[in-house]
Amino acid sequence: MPIDGGYRSRVRPTALVGRAGELARLRELRASAQSGHGVSVLLEGEAGIGKTALMDVLAAECRSAGFRVLRGTGEALEQRTPFQVLRSCFASDRPEQPPELASLEALLLGRNGASGADREFGIAEAVLAVLDRWCAQGPVALLVDGLDWADASSLIVLSRLQRVLGQMPLLLCAAVQPAGPEDTAGALRALRGRWTQVLSLPPLDSAETAELVARLSGAPPTAGLLQHVSAAAGNPLYITEMIAALAQQNRLEIAGGIAAIADRGPEPASLPESLTEAILGRLADLPASTRELLEVAAVMGPQVSLADLSTVVETPVMRLWKPVRNAIDAGLLLDAGTRLTFRHDLVRQALAESIPGGLRSALELQVGRQLLQAGAPPEQIADYLRRVPLPIDDQTVDRLVEMAPAMVLRAPAAAADVLGRAQDAVSPGDPRHTCLHLHTVRALLRSAQPARAEALVRQVRQADGSAPATELHWMLAQSLYRQGRLQEAAQAAESALRALSGDDPAAARFHAFAAQCHYFQGDFEHAARAARRALAAGDLVHDAYCTAYGLTLSAAMRLPEACAAEALDLADQALAVLGNQEIDPDLQMAPHFVRGLALMGLGRSQEAHSAFDRGLRDCDRGGHDYLTWYHLGKARLHFTDGRWDDALAEISAGLETVDHFGLLPALRSQAAIIAFHRGEPQPCIALADSPDESPANGSYTFLYRWATALGLEAQGKPDKAVHLLFADWENGLHSMGRRFLTHRMSPDLARLAEAAGDTARLRSVAKELGEMTAGVEGGSLHAEALYSRGLAAREPKILLQAAQGFKDTGRLLYEAYAQEGAAVLLAAQGRTAAARTALREALLLYKRLGARHDAQRVEDRLTAAGIRIRRRPSNGAQTGWAALTETERAIVGYVADGCSNPDIGVRLFLSPRTVQFHLSTIFAKLGITSRVELAVSSRQYEAGTPTERAVAAS
């Protein structure tokens with residue numbers, strides 16, 4: 001008898017057939033994530049092959065196992081909407097939305113002012129923070145369908161997530177088609193290699209096809225029925241749609257327990273071969289109202305709200321509910337909370353393509369106009385108008401001008417295209433033409449397209465005499481600055497200032513911007529002058545932000561003059577004036593960074609850490625160019641304090657940031673310096689053997705040459721090392737902005753000059769440091785002056801005074817240097833006992849730092865002088881509990897208490913990225929791979945007896 005089709009399909013729901021192996025592997029990965037070993041799996045296969053069905057089963061099983069399940073999808077029509085996939089994953093249709101999603105939602109909607117790479121970085125950090133907190137409470141599954149249609153911003157964030165996946169009970173699963181769109185093909189290829197497992201789903205074989213047909217129809221199929229569905233080539237969705245189409249047309253019958261195609265005499269026994277026709281066949285018996293509604297929804301996109309649908313078709317929501325219910329019952333639409341979603345995009349495409357071209361164009365026009373009139377979200381309108389080339393009439397232009405600011409903020413890439421089209425539709429003399437032009441430039445700047453922004457600004461300046469000159473100067477300066485053309489950016493700002501009166505409110509901003517450009521060029525004289533003008537102009541027009549900027553840069557200028565106390569006072573004034581104002585993305589400053597440097601100069605290390613940490617917390621909200629600076633500042637502070645593992649953690653975190661000012665070589669150089677002291681000279685030697693590619697004017701380029709000099713020392717070339725460092729030293733003495741930094745390498749310069757027998761340069765360094773510290777008692781700079789003077793004068797007494805000075809300021813490495821120098825001179829004077837004492841102190845300090853290279857050097861030097869001491873057994877374990885540093889032990893304790901990385905960071909004044917690096921090191925030292933294992937291991941270790949703990953630590 002025939003199976004009754006009607007408009008409601010009687011075909012049984014699609015069953016998982018031929019996927020037992022894939023399902024078993026997914027269950028293994030789910031169990032791994034549940035035990036604390038984060039994993040990722042990529043389901044790869046053509047459309048309709050069963051990826052979504054597998055993910056449905058995985059989602060259901062994860063929920064049953066206690067996972068928090070986040071489900072999202074990439075959409076072809078929304079691919080250019082930034083963070084669309086992430087927004088779909090974290091969207092909640094429950095009124096009790098978790099509070100931690102509020103800040104994430106603000107970032108996703110662009111409410112914090114960040115753009116381009118800064119926004120991507122800020123959102124990645126926010127996503128990690130949310131997932132971290134949830135993973136501290138229990139396992140989480142993040143499932144993404146249609147990854148091939150994911151927007152580029154979401155792909156970048158998912159890539160960042162892959163790097164820390166193993167530290168949390170997180171299962172990341174995504175589905176992708178082998179051949180995706182060109183826009184994301186490169187990003188997908190880069191991301192593909194990071195997945196723990198890639199499962200490629202093949203077509204069903206003949207036996208599996210027969211099983212699926214039997215399950216769908218309710219009986220074993222005949223050979224004729226199997227021949228009919230063979231056109232589906234083993235694709236489960238195609239097979240399902242073809243069987244459903246037969247059922248709806250009463251062409252599927254069961255006789256004698258066998259499913260077959262019913263014989264209709266002269267009526268053709270075969271269905272259309274294309275899937276589109278098979279899908280449309282299912283819709284033939286739908287009520288006309290349902291079919292028409294689906295066609296409109298198909299044009300609107302893969303997801304629509306009932307309210308928007310009601311507006312477009314000009315029908316009350318209550319009258320739409322019946323046809324919508326029919327579509328849901330027919331399995332064509334899914335009720336996804338506040339939105340309606342097509343069960344598969346192939347259904348939507350088939351519907352849209354079934355509409356005649358002229359009618360579809362008219363419908364697209366109607367949809368666009370209704371969205372504009374109904375006040376749809378700006379990003380939705382921008383995306384729709386970007387992909388549908390609707391004519392831009394006067395009414396549309398007015399609406400776009402009205403919503404342009406929000407559109408630029410929330411969808412800058414799409415806004416740049418749409419507003420540009422609208423501007424082309426308006427005559428040059430129309431005031432709206434200029435307005436749209438300026439908003440287009442803003443959109444280009446926010447979407448990280450500064451070269452296009454520059455070209456458009458220059459075009460406006462030449463063609464539009466009514467455009468505001470001040471605004472154009474500012475946009476030109478910004479576009480040049482964002483391309484790294486600092487000199488030209490400063491000139492653009494100064495050109496604008498020549499046309500402004502002193503009491504013009506814009507003058508203060510241009511002075512501050514010029515100061516910023518000069519500062520990052522290394523032109524500190526001009527930077528100081530511009531900063532003073534910004535401060536005066538800000539006071540004159542009551543612009544607190546520019547006043548704070550001038551104070552901040554003035555504080556930075558006091559540091560080279562060894563006036564740390566004055567710099568601290570100015571930085572505190574800047575913060576007081578700034579108050580609760582957010583950092584302006586177009587004119588950024590870092591008062592907490594300057595304050596941290598001032599505190600470092602005063603030897604107040606803990607307060608300096610707190611200042612840097614406050615700046616890091618501000619940066620983590622996104623839209624801040626100085627993030628890398630703060631990580632470098634903390635790394636430098638940890639290096640001088642002797643906490644080298646913490647320094648490496650900050651360096652690793654800094655290498656993950658968006659580097660606006662070319663600081664990555666400085667971070668790598670600082671890491672190379674630590675490696676050199678720990679007996680691994682290769683990174684420094686590599687720098688010594690390669691061309692000098694460091695920028696000429698960078699504030700921290702001395703670190704590059706410092707590491708290079710140590711590489712030359714490792715190659716037995718101390719004279720060349722001295723020559724390199726001394727050239728940088730002399731250059732720094734005459735550079736206002738670098739002197740206070742380059743003096744930090746003076747102990748190594750003095751040590752190497754003494755080793756190379758270069759007494760002239762050693763005395764020159766001692767003389768300059770003496771003049772810099774004239775009248776100053778105490779502090780690290782005074783200790784550096786004593787150290788170089790002691791080596792130059794060959795006076796062990798002065799070197800021991802230097803050692804005490806370094807000890808008082810927490811400079812462990814340099815304290816060891818001073819003890820080493822004293823030991824060598826005391827041995828040369830025949831004062832053996834005193835030499836041994838100094839040697840022992842130096843070795844203890846080197847051992848505490850893990851400075852194996854330095855320990856070996858001092859032993860060799862004193863052995864040659866006839867001084868030997870018995871080497872104590874080393875307890876410098878590289879693995880096990882004994883290898884954990886103080887910071888690492890604190891992190892272990894917080895992990896055992898169930899704290900997330902952001903929570904740990906708040907308690908220890910570390911960024912979440914730094915905590916992640918520490919956890920990776922802890923896992924390696926303890927030989928474990930997850931937070932769960934770490935928590936269990938910690939409890940077992942703490943519960944053990946002293947003897948058991950000693951064994952575990954050994």
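**Reading strands, a cavity and helices in a predicted model**

Student: How many of the 6 residues of strand β3, residues 140-145, are buried, and what does that say about how the strand sits in the rest of the structure?

Tutor: Bear in mind that this is a predicted model. Here a residue is called buried when its relative accessible area is under 20%. In β3, 6 of the 6 residues are buried, so the strand is largely enclosed by the rest of the structure.

Student: Which residues of β3 lie on one side, and which on the other?

Tutor: Val140, Leu142 and Val144 lie on one side of β3, whereas Ala141, Leu143 and Asp145 lie on the other, and since every one of these residues is buried, both faces of the strand are covered.

Student: Which strands are joined to β3 by bridges, and how many bridges are there in each case?

Tutor: Strand β2, residues 68-73, runs parallel to β3 and is joined to it by 6 bridges, with arginine 71 having leucine 143 of β3 as its bridge partner. Strand β4, residues 170-176, also runs parallel to β3, and 5 bridges join the two; one pairing to look for is valine 140 with leucine 170 of β4. Between β3 and β4 the chain passes through helix α6, residues 152-163, and this β-α-β crossover is right-handed.

Student: How many residues of β4 are buried, and which way do they point?

Tutor: β4 is mostly covered, with 7 of its 7 residues buried. Leu170, Leu172, Ala174 and Val176 point one way from the strand, while Leu171, Cys173 and Ala175 point the other way. β4 is also joined by 6 bridges to strand β1, residues 39-44, which runs parallel to it. Alanine 174 is a useful residue to inspect, for leucine 42 stands opposite it, and valine 144 stands opposite it as well.

Student: Turning to empty space, how many cavities of 30 Å³ or more does the structure hold, and what lines the largest?

Tutor: The structure holds 10 cavities of 30 Å³ or more, and the largest of them contains about 190 Å³ of space. This largest cavity is lined by 17 residues, of which Tyr519, Leu553, Ala590, Val594 and Tyr626 are the closest to its centre. Helices α24 (505-521), α26 (544-558) and α28 (591-601) each supply at least two residues of that lining. By class, the lining comprises 14 nonpolar and 3 polar residues, with no charged residues.

Student: Which residues of helix α45, residues 901-908, are buried, and how are they placed around the axis?

Tutor: Asn901, Pro902, Ile904 and Gly905 are buried in α45. They cover an arc of only 160 degrees around the axis, which puts them on the same side of α45. Just after this helix comes phenylalanine 909, whose phi is positive, at about 55 degrees.

Student: Is alanine 803 buried or exposed, and where is its place?

Tutor: Alanine 803 belongs to helix α40, residues 796-808. With a relative accessible area of 3%, alanine 803 is buried, because that value falls under the 20% cut-off. It is also instructive to set separation along the chain beside separation in space: alanine 803 and glutamine 819 are 16 residues apart in sequence, and their C-alpha atoms are 6.2 Å apart.

Definitions and conventions
Residues are numbered from 1 along each chain as its sequence is written. This is a predicted model: local features need pLDDT of at least 70, side-chain atom pairs count only at pLDDT 80 or more; totals for chains, interfaces and linings use all residues. Side-chain values use heavy atoms; hydrogens and water are left out. Buried means under 20% relative accessible area, exposed over 50%, partly exposed in between (1.4 Å probe, protein chains only). Helices (H or I, at least four residues) and strands (E, at least two) are DSSP runs, numbered from the N terminus. The arc is that of the directions from the helix axis to the C-beta atoms. On a 1 Å grid over the protein atoms alone, a cavity is a set of points where a 1.4 Å probe fits but cannot get out, and a pocket is an open set with protein on both sides within 12 Å along at least five of seven lines; lining residues have an atom within 4 Å of a point. Grid points are joined across faces, edges and corners, and a volume is the space filled by probe spheres set on the points. Ala, Val, Leu, Ile, Met, Phe, Trp, Tyr, Cys and Pro count as nonpolar, Asp, Glu, Lys and Arg as charged, and the others, Gly among them, as polar. Two strands pair if DSSP finds at least two bridges between them. A crossover is right-handed if, with the strands pointing away from the viewer, the path from the first strand over the helix to the second runs clockwise.
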